[in-house]
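Please look through the sequence and the model below with enclosed empty space in mind. The paragraphs that follow take up one topic, the cavities and the residues around them.

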Amino acid sequence: MFSVFAQHDDHNHAEANDSGHEENCGIEHHEVADAYNPGGVAFHHISDQNIFTIGPWYFNLPCILYAPEHGWSFFSSKKFHVHGTHGDGTLAFDGYVIHSGVVMRVIDASFPMGEVEVAGFKEGIEVVDGTEINSYSVCYNNELYKLDQESAVDGGLFKRGITSFYDFSITKNVLAMFIVALLLGWMFLSIAKSYRTRVGMAPKGIQSFIEPIHNFIRDDVAKAMIGPKYERYMPFIMSLFFFILALNLVGQIPFFGNPNVTGSLAFTIVLAVFTFVVTNLHGNANYWKHVFWMPGIPWPVKIILTPVEVMGVFLKPVTLTVRLFANITAGHIVLLSFIGLTFIFGDMGQSVGGGVLGAVVGVLLGIFMSGIELLVALLQAFIFAILSASYIGAAVADDH
Amino acid sequence: MTGTIITIGFGLAVIGAGIGVGYIGGKAMDAIARQPEAVGDIRANMLIMAALIEGVALIAIILGYIS
């Protein structure tokens, strides 16, 4: 509703400005961009995108989009003709455009379908129900058309609202997951093969690198937390640990697309739901008794404790989700802010000395932060695995 | 000056978690100094406890976001 009104305002505004600006809705080009915004730059780099960048090169990814009134759309993000360093497309396709590497949809039904050229994008802030959200518009034929927010899975929880389209695309995060899954699968299958062929011999090559880590997870995580029934849950715990660790590390490789998979809520929610399902499906009578009617304590306490325990069943996956997401995202934002010091000190190219000072300070702090992030990558994978193991352990433990 | 009071809530949540994690870390160091042979068990338990405390702070931050 609000969008329709806002869009009419934009139209009037654009027409009023016609005389001053030719053919671009008054959108300034990036050479004379507004003041440097470290927060915006950081969020642009940690968000999921429909293009994959390695160094200065773009790689187009398949877009799989669904809008209820338009149906399915399958095409490559090559259709958008992305150019420049900001991931903005110069073409719109079937009402979809790409802005900052993210596919968005034009809500206006009067926007032409098929391939049309667009002049640029405009960002603003809009107040909906008392909260501020970013709003985006695209310029076509010297008129501003309002864009829907990027598709999100959180049900509008984080202030982006429910969108008019669904994005099932192979985004850079999905691509990174595929690469890591294939790599880990190949690595562990080859290690398993060398265990079969080299029975009784010392481990060799990558086998001798993985074996101590495997034994550590088995002895100090699975066996210590789950107890005698640990073998059934070893594949799950091991998959969690190595998948999270590998994705954390891939997200840290400089210039390699920076897929922030473990720092995206969608991914961590799915992993936490896996743990939730495994815990509660395998929970024995003893576990449920401890949740609903804790034995061995006076009944007035039980009345208070039961709601807390029931809430705890659902809070455990929530904290798993947010812990991984927050730790990885915070690390990336701090790292990007340190790199942004170059531009803040350099006053957007006005002060060379300040820029050099900022670059030196930024690089030193960035190296320090990268070291911390390596530690965090390992620690968070371990924490996720050991907490999952301890929840499962509590669910399958025998009466003591 | 503009802004929301939620920011103060974030700060308070961080102070709470900081006190909690610091206390756990200090006690773990004490325990390791007293029994250096149990360093592995103490470290694992310390990390779990720190993660749980951190979880409380994260819940506070999430509540701040969605309120």
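How much space lies in the second largest cavity? In this predicted model, about 30 Å³ of space lies in the second largest cavity, and its lining is made up of N248(A), Q252(A), I328(A), H332(A), E373(A) and A377(A). Two elements of chain A, α8 and α9 (352–396), give two or more residues each to the lining of this second largest cavity. Sorted by class, the lining of the second largest cavity holds two nonpolar residues, three polar residues and one charged residue.

This cavity belongs to a short list, since the structure holds two cavities of 30 Å³ or more, and the largest cavity has a volume of about 70 Å³. Around the largest cavity one finds A272(A), T275(A), F276(A), T279(A) and N280(A), together with Y287(A), V313(A), K316(A), P317(A), L320(A) and Y391(A).

Which elements of chain A each supply at least two residues of the lining of the largest cavity? They are α6, which spans 265–281, and α8, which spans 299–345; of the two, α6(A) provides the largest share of that lining, with five residues. By class, the residues lining the largest cavity comprise seven nonpolar, three polar and one charged.

Taken together, α8 of chain A is an element to follow through both descriptions, as it supplies at least two residues of the lining of the largest cavity and also gives two or more residues to the lining of the second largest cavity.

Notes. Residues numbered from 1 in each chain as written. Chains lettered and ligands numbered in written order. Predicted model: local features only at pLDDT ≥ 70, side-chain atom pairs only at ≥ 80, totals over all residues. Heavy atoms only, no water. 1 Å grid on protein atoms, 1.4 Å probe; cavity = no way out; pocket = protein on both sides within 12 Å on 5 of 7 lines; lining within 4 Å. Points joined across faces, edges and corners; volume = space filled by probe spheres on them. Helix = DSSP H or I, 4+ residues; strand = E, 2+ residues; numbered from the N terminus. Nonpolar A, V, L, I, M, F, W, Y, C, P; charged D, E, K, R; others polar.
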